[in-house]
Amino acid sequence: MTDALRGTAQERGLKLLLIRRPSARDLDPDGPRRLFLVDVRRGRARTLTRTTPRVEVAEAAAATEGWELHDEPLLLVCTHGRKDWCCALRGRPVVAALADLDPAPVWECSHLGGDRFAATALSLPTGVTHGRLSPADAPDLVAALRTGRVLPHRLRGRSCDPGVIQAAEAHARLELGIDVLEALRPRAVVDEEEGRWRVDLEHEGRPLRVHLRVGSAAAHRLTCSAPDDRHARTWELEHIDR
């Protein structure tokens, strides 16, 4: 079944994530399955859903009809320990804390990427990703999800954006204290050479220009299962023009 789902996702240019409720480990393995189809693109964000018998999951995922709109947000926490056990070790306490506060949107999920930022959480359909979360962040994260905000000190960016825009938005929010989700919009990215980039953002109708420089962090173990120390690329803030 997973191979068929993976094939469907590849054909349609989608990312496949397997999800389960934090309390779902003892549920019927042959019971019905719920599918979500999510578009995270800016201005197009929406979530569709359907429920189907387990044996028909692959066919239902490939179908273009039979979906219905899901109006509530989803909050996926990576607990996938097979690739790197940091995700399971740090993700499961976070997902448990979130579920205790507001179980409706919370799901465990397979690998999100960015192991070194564990624990990580993906908000849908906005595509907002937060990293280096702890159980203490759960109340603020639930509140942000429900009020259209982000946590600037934990923000990794929106999954629909390339890395340089994610970095520029994260720096701008942290420096200027901007937590409203839709307060910033990317307008242009300029490679100024020699490892320097300029990202033009729009902040509530006004231009905001973020200047970044590509750097490298000191060598260290990037993830729990890393065999040796390595350097990670960083996006360092030079200055912001308002």
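Student: Does D137 count as buried or exposed?

Tutor: The model is predicted, so local features need pLDDT of at least 70 and side-chain atom pairs count only at pLDDT 80 or more, while totals for chains, interfaces and linings use all residues. Residues are numbered from 1 along each chain as its sequence is written, and side-chain values use heavy atoms, with hydrogens and water left out. Relative accessible area is read with a 1.4 Å probe on protein chains only: under 20% is buried, over 50% is exposed, and values in between are partly exposed. The relative accessibility of D137 is 7%, so D137 counts as buried.

Student: With which residue does D137 form a salt bridge?

Tutor: A salt bridge requires a side-chain nitrogen of Lys or Arg within 4 Å of a carboxyl oxygen of Asp or Glu. For D137, the closest N and O atoms of the pair are 3.1 Å apart. The partner is partly exposed, with a relative accessible area of 24%. The residue that meets the rule with D137 is R154.

Student: How many salt bridges does the count come to by this rule?

Tutor: The pair D137 and R154 satisfies the rule, with its closest N and O atoms 3.1 Å apart. By this rule, the count of salt bridges comes to 19.

Student: In which helix do E169 and R173 both lie?

Tutor: Helices are DSSP runs of H or I with at least four residues, strands are runs of E with at least two, and both are numbered from the N terminus. E169 and R173 are four residues apart, about one turn of the helix. Both residues are buried, and they form a salt bridge whose closest N and O atoms are 2.9 Å apart. The helix, spanning residues 163-176, is α5.

Student: Which residues are linked in a network of salt bridges?

Tutor: The pair E169 and R173 forms a salt bridge. That pair belongs to a network with two further members, and the linked residues are R42, D161, E169 and R173.

Student: How many residues apart in sequence are the parts that E238 and R196 tie together?

Tutor: E238 and R196 form a salt bridge, with the closest N and O atoms 3.0 Å apart. Because E238 lies in strand β13 and R196 in strand β11, the pair ties together parts whose separation in sequence is 42 residues.

Student: Which residue in β12 stands opposite R196?

Tutor: Two strands pair if DSSP finds at least two bridges between them. Strands β11 (residues 196-203) and β12 (residues 206-216) have eight bridges and pair in the antiparallel sense. Strand β12 is also joined by eight bridges to the antiparallel strand β13 (residues 233-241), where E236 stands opposite R213. On the β11 side, the residue opposite R196 is likewise R213.

Student: Which residues of strand β7 point the other way from A121 and S123?

Tutor: In a regular strand the side chains alternate between the two faces of the sheet. In β7 (residues 121-124), A121 and S123 point one way, and all four residues are buried. The residues that point the other way are L122 and L124.

Student: What is the bridge partner of L122 in β8?

Tutor: Three bridges join β7 to the antiparallel strand β8 (residues 128-130). In the hairpin of these strands, which has three residues between them, G127 takes a positive phi near 80°. β7 is also joined by four bridges to the antiparallel strand β5 (residues 74-78), where L74 has L124 as its partner. In β8, the bridge partner of L122 is T129.
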